[in-house]
Amino acid sequence: EGFNANVAAAESLNAFITATPDKALDAADRVDADRAAGKELGSMAGVPIGMKDLFASEGVQTSAASHILEGFKPPYESTVSRKLWEAGAGMLGKLNLDQFAMGSSNESSYFGEVVSPWRKQGSDAKLAPGGSSGGSSAAVAARLAPAATGTDTGGSIRQPAAFTGITGIKPTYGRCSRWGIVAFASSLDQAGPMAQDVTDCAIMLEAMAGFDPKDSTSLDMPVPNWEAALSSDLKGKTVGIPKEYRMDGLSADVAKAWDDGIQWLKDAGAEVVEVSLPHTKYALASYYIIAPAEASSNLARYDGVRYGLRDLPEGANLQEMYAATRAAGFGDEVKRRILIGTYVLSAGFYDAYYTQAQKVRTLIQRDFMNAFDQCDVILAPTAPTAAFELGEKTGDPLEMYMGDVFSVPASLAGLPAMSVPSGVNGDGLPLGLQIIGKPFDEQGVLNAGLALE
Ligand code: GLN
């Protein structure tokens, strides 16, 4: 009965695109066999997890929630998922997401929107689970999976975690291999875990991270034992509060949660100081040039020849086949990004937009480095509001983009950043706080997160 109830819940959330329960059961069998044989078990032994459908799964449809990749079964496994299987985890299925990870609400999926398991008190209105990792957040929040993978280009692990009351960390750029992850914006894309709490995230991130010669931007650094060094004692640590993040559009409930968080970190022994990130106001503009620019280049490979969908109208030549395939295969948001990306990279506008955005990116990185002269980690909201209703922002892409204001700066700077739950607002909806750390200092981020739990 419980199982059937779970299946019904799973169907109403639309969190999974493909279910692979046999793979999870196989992993459990392998653990039993290893245990019987007296072998040492991996850190994820027998844990059934959901995989965002952006990670290549050998022999299993990997769609990026797009029509253009529908039916694409990679002949290879992504490095991150291979590492998780080697650590003993098993795959429950492939999780829904915004198409090609472009979005903040999981409404741009070709396979339909994901519904958050949360409701406002006294309302039946369906809420967004956040995005792009909305299948991951909904599945973990609804206890359909103890943990799931996510990817974060401009907030796609942190914002869905905040919207659904779970924990998610985007490590330093380069910690997790991008090999076998469908590329959105390669200089920003990072994988990370989404789970119930900080400890589970630490364990899972350890299994996911590590140098990979197949990714030229992979960090050639040892993976620390983050779980073993977890500590919520922040004595001697300084937490920075960026004054520019107190901006218009920050909702009163989130501002209150932020103040509560500051107090909790003080209670844990931290000193709290104000810091300045003066270029914050240019972060969204810079991100929404750089990310589409890289996306337009990365998505050129979907041409009807190499992967998935081919639309070949009667008598069409090669160019016409490309056009027909891309017209049918990409959703509106993906087309919007390709158009913006090709525009800002075009000869006439490259310097005015793309070069300028890259310069701003450098300034944003410097802002953080200056702030980290004064503090060990930064505490900020993850998103300016709690979860919004499905359909509320789909008519206004710019308003949707504005919700990423607190998550894109850490992405542009390549910094580790985590969202942890910080209670509920007056409507009973979860809120999240974000901790941003120095490069490679996932430990500092995890420890501050633990102090907030
Ligand atoms: N919401 C942001 C966007 O639409 C970030 C998405 C992501 O991190 N993949 O680009």
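Select first helix α6, residues 198-208, in this predicted model. Eight of its 11 residues are buried, so the helix is largely enclosed by the rest of the structure. To display them, select V198, C201, A202, M204, L205, E206, A207 and M208. Keep these side chains visible and add the elements they pack against: α3 (79-86), β4, β5 (167-170), β6, β10 (417-424) and α14 (442-452). Just beyond the end of α6, select G210, whose phi is positive, at about 135°.

From the helix, proceed to one of its packing partners, strand β4, at residues 147-152. Six of the six residues of β4 are buried, so this strand too is largely enclosed by the rest of the structure. Which residues point each way from β4? A147, T149 and T151 point to one side, while A148, G150 and D152 point to the other, and all are buried. Now add strand β6, residues 190-195, which pairs with β4 in the antiparallel sense over six bridges. Within this pairing, T149 stands opposite P193 of β6.

The next selection comes from a record: an unreviewed UniProt entry lists K52, S132 and S156 under "active site". Although these residues span 105 residues in sequence, no two of their C-alpha atoms are more than 11.1 Å apart, so they gather at one spot.

Centre the view on K52, which is found in strand β2 (residues 48-52). K52 is buried, with 31 other C-beta atoms within 10 Å. Apart from residues up to four places away in sequence, K52 touches L95, L97, S133, G135, S136, A148, T149, G150 and T151.

Move next to S156, in the loop between β4 and α5 (158-164). Is S156 buried or exposed? S156 is buried, with 37 other C-beta atoms within 10 Å. Leaving aside neighbours within four places in sequence, its contacts are A101, G131, S132, S133, G150 and T151.

Then select the ligand and its surroundings. The ligand is surrounded by 13 residues, of which A101, S104, T153, G154 and S156 are the closest. This shell divides into four nonpolar, seven polar and two charged residues.

Finally, zoom out to the whole protein chain, which contains 14 helices and 11 strands. Its radius of gyration is 21 Å, close to the 22 Å that the globule rule gives for 453 residues, so the chain is as compact as a globular protein of that length. Along the principal axes, the C-alpha trace spans about 70 × 65 × 50 Å. Of the 453 residues, 55% count as buried.

Key. Residues are numbered from 1 along each chain as its sequence is written. This is a predicted model: local features need pLDDT of at least 70, side-chain atom pairs count only at pLDDT 80 or more; totals for chains, interfaces and linings use all residues. Helices (H or I, at least four residues) and strands (E, at least two) are DSSP runs, numbered from the N terminus. The radius of gyration is taken over C-alpha atoms; the globule rule is 2.2 Å times the number of residues to the power 0.38. A residue is buried if 20 or more other C-beta atoms lie within 10 Å of its own, exposed if 12 or fewer, and partly exposed in between; C-beta atoms are placed from the backbone. A residue is near a molecule or strand if its C-beta atom, placed from the backbone, lies within 6 Å of it. Ala, Val, Leu, Ile, Met, Phe, Trp, Tyr, Cys and Pro count as nonpolar, Asp, Glu, Lys and Arg as charged, and the others, Gly among them, as polar. Two strands pair if DSSP finds at least two bridges between them. Two residues are in contact if their C-beta atoms, placed from the backbone, lie within 7 Å. UniProt positions are given in the numbering used here, feature names are shortened, and annotations may be inferred rather than shown by experiment.
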